[in-house]
Every structure is written in C-alpha cells, then in structure tokens.
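Subject: Structure for you to look at, with notes

Dear colleague,

I am handing over the structure we talked about, together with my notes on it. Please have the sequence and the model open side by side while you read.

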Amino acid sequence: MADINRRRLLVAGGALGTFGALGLASPARARSLWTWSPAGSVAGKGAGLDPEWVWDDEIDAIIAQVIERGQVPRVNDLLRGWVRNDQPLPDGLPGDLRAWMEEARKLPSWADPKKLQDAVDFTRKKGLYTGVLYGLGSGLLSTAIPREARAVYYSKGGADMKDRVAKTAQLGYDVGDRYAYKPQGGMIATSVRTRLVHAAVRHLLPQSPGWSRTSGGQTVPISQADMMVTWHSLPTYVMGKLRDWRVPITATEAAGFLHVWQVSAHMLGIRDEYIPATWDEANAQSRQVLDPIVDHTPEGAALTDALLGIIAEVDAGLTEPLINAFSRYIVGDRVGDLIGLDREPLLKPVISGAWPLVVAFREGLIPLPGVPSIAWVLEEALRKFVLLFMSEGRPIHLEIPDANRPL
C-alpha cells in the first residue's frame with residue numbers, strides 16, 4: 001500500500017507532521033527560561049545555545065526553494081511510496097533535497113538495537129497504559145500548549161482539526177511498533193519526511209496573518225525548544241503518570257522506553273545536545289520548559305473539541321462522560337479547566353477509586369474480587385479508544401504543505 005496508514009505513521013501531514021505533537025509545540029516562553037546544561041544530554045556536551053533560536057537551517061533553505069519553485073506536488077508524488085526504512089529514495093527528486101535525505105536517514109551512532117527492542121517489549125506489556133496516556137493524556141495536554149495549538153490551527157492541516165488530532169495521538173503507538181527502526185519498518189522514512197513538513201511550515205506559517213497575530217512575537221515556528229517541549233508532553237509525561245499509577249517497570253524497560261524516544265528525537269532533527277540522557281535530566285528539563293507554559297487558547301479549545309469528537313466515535317458517545325472524567329483524572333483539574341473538559345462531578349470519585357484497582361489487578365497485585373464492576377466498564381471503554389487509533393483501515397498521508405490554512 002503506497003499510503004502511510006495509522007500503524008506506520010508517526011504523526012503526519014499538513015500542519016502537524018510527525019512531531020506535530022513534537023514539531024509544532026512552540027511554548028510561549030522567554031529566552032531566559034533556558035538554563036539546562038548540555039552536559040546532561042546524550043551528547044554530553046554542546047554549545048549551550050538557547051534552543052528557542054535554533055531551527056533546522058539546511059533543510060529549511062532547501063524546502064523553501066522547493067516551495068518557491070512550485071515543486072511540492074511533484075516531490076509529494078515521488079515520496080508517496082517511500083514508506084519503508086530500507087527503500088531507496090525515488091528517482092527524480094531535486095538533487096540538493098536527495099543528498100540531504102540520504103544523510104538524514106542515518107541512525108545516530110549511539111542508537112542501541114538492544115535498548116530499542118527493550119522498548120518494544122515494554123510497549124507490548126504496558127500498551128493499554130501507554131496507549132491511553134498518548135491519546136488522552138499527551139493528546140489533551142498538547143492542546144494546552146499555546147503555540148502548538150495556534151501553529152496547528154493556522155497551518156494547512158488545521159482545516160481538518162479532527163484528522164490533525166488523530167495523527168498526533170498516533171505518535172505514541174508507532175514509536176512502539178516492533179519494526180520501527182528495522183529495515184522493514186517505517187520510522188526512519190516517516191521521520192525524514194516529517195522534517196520536510198516542518199521545514200515547509202517554518203517557511204509558510206510566518207505568512208499567515210492569523211498565526212502572526214497570535215504568535216506572541218515568535219517569528220519562525222518549530223524551534224528546537226518547541227520540539228523539546230512537546231517531546232516532554234509525550235515520554236516524560238507518560239513515564240511520570242506510569243510512576244504515579246505505581247505500574248511496575250524494570251530499569252531495563254524504563255531505559256528502553258527512554259532510548260526509543262531519544263532516537264526518535266534525533267531522527268526528527270533535534271540536536272543531541274538538547275536530548276536528555278537520563279530520566280532525571282528529562283524531568284528537570286520538563287519542569288523548566290513545559291510545566292510553566294500551559295494555558296488556554298481558543299485554538300486549543302477547538303483541538304480539545306476535535307479530540308473529544310473522536311472519543312465519541314468509539315461507541316456513539318455512550319461512554320463519552322466516562323472517558324471525559326478519566327481524561328480529567330489523567331491531566332488534572334488545572335489542565336482540564338484550561339481546555340474546557342467537563343467536570344463530571346458524579347464520575348470523578350468513581351474514576352479516582354476504580355482506576356488504581358484496574359492497574360493493581362492487571363499487574364497481579366490484588367485478586368479479582370477486589371475490583372468493582374465499574375472498573376471493567378472503564379477499562380473496556382479505554383480499550384476501544386486505543387483500538388480506534390490502532391486501526392489499519394484509514395490511510396493517512398504525510399505530505400509537504402504548500403500553503404497555510406485557508407482564511
């Protein structure tokens with residue numbers, strides 16, 4: 001199948017691209033916030049530049065020329081079938097673009113196949129938890145990141161908000177795919193194509209009056225700081241919630257989970273000096289750059305509505321109040337209020353009491369009689385939600401945009 005489907009997509013298309021979770025999360029932050037030392041990175045060293053002022057200069061210049069020359073449709077057509085890591089690049093690409101892509105598709109020298117397999121094993125065992133946290137936790141948290149919400153909204157893909165949110169939630173599932181970075185997998189191809197999407201958005205979005213009016217003074221989106229903010233809304237946030245829920249995780253599993261996200265960050269163009277080397281460093285960086293900047297925006301509220309619309313499709317809305325209550329339980333009242341989640345006062349105490357029992361039973365910590373029936377209703381609703389995003393049936397296109405959202 002030439003098109004990228006849900007299982008193969010990291011995060012796709014138009015506005016969002018693969019780190020449309022990651023790439024378009026541009027927090028409203030001041031330069032003075034960045035004090036994190038590159039000594040704590042996978043590189044162990046670096047220039048110490050504030051990532052707010054670092055982008056992806058080489059491919060930005062190449063893609064700007066592709067857009068200006070009107071070559072986007074041709075390049076998209078050529079790349080439509082390039083979906084496997086081991087496929088050669090298609091003939092006919094502009095020479096400078098082809099040369100850049102050949103270099104960009106190489107895994108970092110520090111990528112560890114054993115740790116990448118450990119990440120696959122971890123996801124296989126803990127997939128319900130991570131799936132729910134990616135889709136409901138990270139997905140909703142991203143709508144409370146002001147620059148991310150605005151960048152998504154005003155880009156070309158913002159015209160189809162539900163599609164954009166669905167692709168964001170897909171990120172976590174594909175990072176855990178068993179073939180992700182193997183020859184028959186698709187993460188390398190998807191990552192490279194995503195960098196093309198990000199470069200196009202950096203060129204196009206400053207031309208959008210709507211984005212320029214609301215960007216808070218940012219003149220070029222998707223900086224390295226922006227990407228790291230959303231990176232933390234995914235693995236750092238997910239691991240934190242798993243710890244809060246007392247999900248048993250071995251040191252090997254935790255290291256593997258971190259490593260696959262470190263490799264993914266590198267492949268999506270984040271410099272090694274900004275990628276945390278350990279969970280302690282990740283948590284420290286997250287507290288500095290993500291925690292202080294969550295806020296309400298009209299664009300974020302629209303994204304929230306889109307995500308909740310997807311949830312309603314699971315079973316025609318029958319369990320929507322239950323999942324709304326669970327979503328608030330996951331993200332907390334502060335974020336829940338910012339993005340307009342219903343409070344569901346009757347269900348809130350039920351969820352807070354039932355979910356820890358679901359976790360405890362699934363992990364073999366308590367016997368079945370200790371779990372109330374409502375817990376199984378919740379688990380089944382969440383399972384359906386996860387399966388919705390895992391569906392193979394809906395093709396998703398990862399293409400370079402050539403315009404912004406129509407006014």
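Below are the notes, going from the whole chain to helix packing and then to single residues.

Please keep in mind throughout that this is a predicted model. The protein has 15 helices and 2 strands, and of its 407 residues 59% count as buried. If one takes the contacts between residues at least 6 apart in sequence, 80% of them join residues at least 24 apart.

Helix packing

I would begin with helix α1 (residues 57-68) and helix α7 (residues 187-204), which pack at an angle of about 70° with their axes 8 Å apart; the two helices are therefore roughly perpendicular to each other. On the α1 side the contact involves Ile59, Asp60, Ile63, Ala64, Ile67 and Glu68, and these meet Arg195, Leu196, Ala199, Ala200, Arg202, His203 and Leu204 in α7. Sorted by character, the residues of this contact divide into 8 nonpolar, 1 polar and 4 charged.

A second pair is formed by helix α4 (residues 113-142) and helix α9 (residues 224-244), whose axes lie 9 Å apart and whose packing angle is about 115°. The crossing of α4 and α9 is right-handed. From α4 the contact draws on Phe122, Tyr129, Thr130, Leu133, Tyr134, Gly137, Ser138 and Leu141, while α9 supplies Ser233, Leu234, Tyr237, Val238, Lys241 and Leu242. The contact of α4 with α9 is made up of 9 nonpolar, 4 polar and 1 charged residues.

The third pair is α13 and α14, which pack at an angle of about 75° with their axes 9 Å apart, and that makes α13 roughly perpendicular to α14. Here Leu322, Ala325, Phe326, Tyr329 and Asp333 of α13 make the contact with Lys348, Ile351, Ser352, Trp355 and Pro356 of α14, and the residues involved divide into 7 nonpolar, 1 polar and 2 charged.

A helix with two sides

Which residues of helix α3 (residues 95-104) are buried? They are Leu97, Trp100, Met101 and Ala104, and because they cover an arc of only 100° around the axis, they are on the same side of α3. Gly95 and Glu103, on the other side of α3, are exposed. The cover over the buried residues of α3 includes α1 and α7, which you have already met as a packed pair, as well as α2 (72-79) and α10 (251-267).

Two residues with positive phi

Most residues other than glycine have a negative phi, so two loop residues may deserve a look when you go through the model. Ile222, found in the loop between α8 (209-214) and α9, has a phi near 60°, a positive value in a residue other than glycine. With a relative accessible area of 1%, Ile222 is buried. The other is Glu344, which has a positive phi of about 45° although it is not a glycine, and whose place is in the loop between α13 (320-339) and α14. Glu344, at 18% relative accessibility, counts as buried, because the cut-off for buried is under 20%.

Residues brought together from separate parts of the chain

Finally, here are three helix residues, each with a partner elsewhere in the sequence. Ala284, in helix α11 (residues 279-289), is 248 residues from Trp36 in sequence, yet the two are 8.1 Å apart in space, C-alpha to C-alpha; at 28% relative accessibility, Ala284 counts as partly exposed. Ala265 lies in helix α10 and is 38 residues from Met227 along the sequence, with 8.5 Å between their C-alpha atoms. Ala265 is buried, its relative accessible area being 0%. Val350 belongs to helix α14 (residues 348-362), and its C-alpha atom is separated by 9.6 Å from that of Phe326, the two being 24 residues apart along the chain. Val350 counts as partly exposed, at 30% relative accessibility, whereas Phe326 is one of the α13 residues in the contact with α14 described above.

With best wishes

Note on methods:
Residues are numbered from 1 along each chain as its sequence is written. This is a predicted model: local features need pLDDT of at least 70, side-chain atom pairs count only at pLDDT 80 or more; totals for chains, interfaces and linings use all residues. Side-chain values use heavy atoms; hydrogens and water are left out. Axes are lines fitted to C-alpha atoms, for helices over the stretch in contact, and angles run from 0 to 180 degrees between N-to-C directions. Helices (H or I, at least four residues) and strands (E, at least two) are DSSP runs, numbered from the N terminus. Angles under 35 degrees count as roughly parallel, over 145 as roughly antiparallel, 65 to 115 as roughly perpendicular and the rest as oblique. Contact means heavy atoms within 4.5 Å. Ala, Val, Leu, Ile, Met, Phe, Trp, Tyr, Cys and Pro count as nonpolar, Asp, Glu, Lys and Arg as charged, and the others, Gly among them, as polar. A crossing is left-handed if the near helix is turned anticlockwise from the far one by less than a right angle, and right-handed if clockwise. Buried means under 20% relative accessible area, exposed over 50%, partly exposed in between (1.4 Å probe, protein chains only). The arc is that of the directions from the helix axis to the C-beta atoms.
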